[in-house]
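Below are my notes on the model you sent, set out as numbered points. Please read them with the structure open.

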Amino acid sequence: MSVQRLHVSKRFSEIAISGNLVHLAGQLAEDLSLAIRGQTQQTLDLIDRFLADAGTDKSHILSVMIFLKDIENDYAGMNEIWDAWCADIQALPRTCVEAKMYRPDVLVEMTVVAVKP
């Protein structure tokens, strides 16, 4: 089975598609000066955009891995934005863990596995 890659750079691709399976690379906010709510919203906006590029949407997500820099202080703010984003679909499977990020101003990163309808 072949693999199609979208938004490819020298180091990585944002999207890999094999059959109906779609994998998104770790997504994070473009404006890292934002607090957790702003970074979460921008991250989810990118996920929406990349899922659309792959021919699917958030209602077809199989799993989301959420990495938070500071789970104690940012979990509630991230969940506020997450809950609004998921309000029009069934609850999504997800894992949320605290992680050391590659830069100190990255507060949240998410990876996604979805299917194409």
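1. Which residues of helix 1 are buried? The coordinates are a predicted model, and this point should be read with that in mind. The buried residues of helix 1 are I36, Q39, T40, T43, L44, L46, I47, F50 and L51. Viewed down the helix axis, these buried residues fall within an arc of 155 degrees, so they line one face of helix 1.

2. The length of helix 1 can be checked against its residue count. Helix 1 covers residues 36-53, which is 18 residues. At 1.5 Å a residue the span should be 26 Å, and the end C-alpha atoms are 26 Å apart, so the expected and modelled values agree.

3. What covers the buried residues of helix 1? The cover includes strand 1 (4-8), strand 2 (13-18), strand 3 and strand 4 (61-68). Helix 2 (71-85) and strand 6 (108-115) are also part of that cover.

4. Helix 2 has its own set of buried residues: D74, G77, M78, N79, I81, W82 and W85. Among the elements that cover them are helix 1 and strand 4. Strand 5 (94-98) and strand 6 also contribute to the cover of helix 2. Helix 1 is thus listed in the cover of helix 2, and helix 2 is listed in the cover of helix 1.

5. V108 lies in strand 6. Its relative accessibility is 0%, so V108 counts as buried; the cut-off for buried is under 20%. Leaving aside neighbours within four places in sequence, V108 is in contact with I36, Q39, T40 and T43, which are among the buried residues of helix 1. The contacts of V108 also include M78, one of the buried residues of helix 2. Q27, L28, I66, F67, L68 and M101 are in contact with V108 as well. For scale, V108 and L51 are 57 residues apart in sequence, with their C-alpha atoms 19 Å apart in space.

6. The end of helix 1 deserves a look. A54 lies in the loop between helix 1 and strand 4. Is A54 buried or exposed? At 3% relative accessibility, A54 counts as buried. Apart from neighbours within four places in sequence, A54 is in contact with L6, I15, I17, V22 and K116. A54 and N79 are 25 residues apart in sequence and 25 Å apart in space, C-alpha to C-alpha. G55, just after helix 1, takes a positive phi of about 85 degrees.

7. H7 also has a positive phi, of about 55 degrees, although it is not a glycine. H7 is placed in strand 1. Its relative accessibility is 41%, so H7 counts as partly exposed.

8. Which residues line the largest pocket? The lining is made up of F12, E14, A25, G26, Q27, L28, L46 and E109. The volume of this pocket is about 170 Å³. By class, its lining has 4 nonpolar, 2 polar and 2 charged residues. Strand 3 (residues 21-27) gives the largest share of the lining, with 3 residues. Two names recur from the points above: L46 is among the buried residues of helix 1, and Q27 is among the contacts of V108.

9. M1 is in the segment before strand 1. Its relative accessibility is 85%, so M1 counts as exposed. Not counting residues up to four places away in sequence, M1 touches S18 and G19. M1 and A29 are 28 residues apart in sequence, and their C-alpha atoms are 32 Å apart in space.

10. R103 is in the loop between strand 5 and strand 6. With a relative accessible area of 37%, R103 is partly exposed. R103 and S9 are 94 residues apart in sequence and 20 Å apart in space, C-alpha to C-alpha.

Terms used: Residues numbered from 1 in each chain as written. Predicted model: local features only at pLDDT ≥ 70, side-chain atom pairs only at ≥ 80, totals over all residues. Heavy atoms only, no water. 1 Å grid on protein atoms, 1.4 Å probe; cavity = no way out; pocket = protein on both sides within 12 Å on 5 of 7 lines; lining within 4 Å. Points joined across faces, edges and corners; volume = space filled by probe spheres on them. Helix = DSSP H or I, 4+ residues; strand = E, 2+ residues; numbered from the N terminus. Nonpolar A, V, L, I, M, F, W, Y, C, P; charged D, E, K, R; others polar. Expected span 1.5 Å × (residues − 1). Buried < 20%, exposed > 50% of the residue type's maximum accessible area, 1.4 Å probe, protein only. Arc of directions from axis to C-beta. Contact = heavy atoms within 4.5 Å.
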